[in-house]
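Biologist: I'm new to this one. Could you walk me through how to read it?

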Amino acid sequence: QVAATAEDLHFFLCDALGFGHEEVSNFIQRVDLDGNGQINFEEFQRGYSLLNSHRICRREHEHFLRKPGSIGGEQFSLEDLRGCQVHVLDHVGGCFIDGCFSCEVLIGPSESAVFVRDCEDCTFHIVAQQLRTRRCTRCVFHLYSGTEPVIEMSS
């Protein structure tokens, strides 16, 4: 049976697809169930849902990096993250950030609006055409925007 080494996966997922090194290392650790240092097709397939370049959801205390060229102006979303660091170093279309707690997020640049909803104790660094927030609590925003932000029901 054909299997990929950790080095093969780092090359493909990091260098070719733009995922961050730490995220790929965590992926390999989770899917290499037999601990032999190689990922066969069944192991890769079982864990593939963890690797979504345009949507990160329900994760805790992890670091995510999207390198230049990995998003390519498409929509990007973050959902239900806890204690995560997310750095998107590529241009995105629309961006939705929902239900994040104690996270550090860098997004930019966005060709349209970045929506931040139901977040607490986060720090955001955003370059966007427009920022819209709703029900955010104790969040810090560092913003470069073409328009004034729209802030609703936030403190």
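Modeller: Let's take the overall layout, then one helix.

Modeller: This is a predicted model, where local features need pLDDT of at least 70, side-chain atom pairs count only at pLDDT 80 or more, and totals for chains, interfaces and linings use all residues. Residues are numbered from 1 along each chain as its sequence is written, and side-chain values use heavy atoms, leaving out hydrogens and water.

Biologist: How many helices and strands are there in the protein?

Modeller: Helices (H or I, at least four residues) and strands (E, at least two) are DSSP runs, numbered from the N terminus. Here you get three helices and eleven strands, in the order β-α-α-β-α-β-β-β-β-β-β-β-β-β. The C-alpha trace spans about 55 × 25 × 20 Å along its principal axes.

Biologist: Which residues are buried in helix α1?

Modeller: Buried means under 20% relative accessible area, exposed over 50%, and partly exposed in between (1.4 Å probe, protein chains only). In α1, residues 6-16, the buried ones are Leu9, His10, Leu13 and Cys14. They sit on the same side of α1 because they cover an arc of only 100° around the axis, taken from the directions from the helix axis to the C-beta atoms. The face turned away from that buried side carries exposed Glu7, Phe11 and Asp15.

Biologist: What do the buried residues of α1 pack against?

Modeller: Contact means heavy atoms within 4.5 Å. The partners are β1 (3-5), α2 (21-31), β2 (38-40) and α3 (41-47).

Biologist: And what follows α1?

Modeller: Gly18, with a positive phi near 90°. As for the whole protein, 40% of its 155 residues count as buried.
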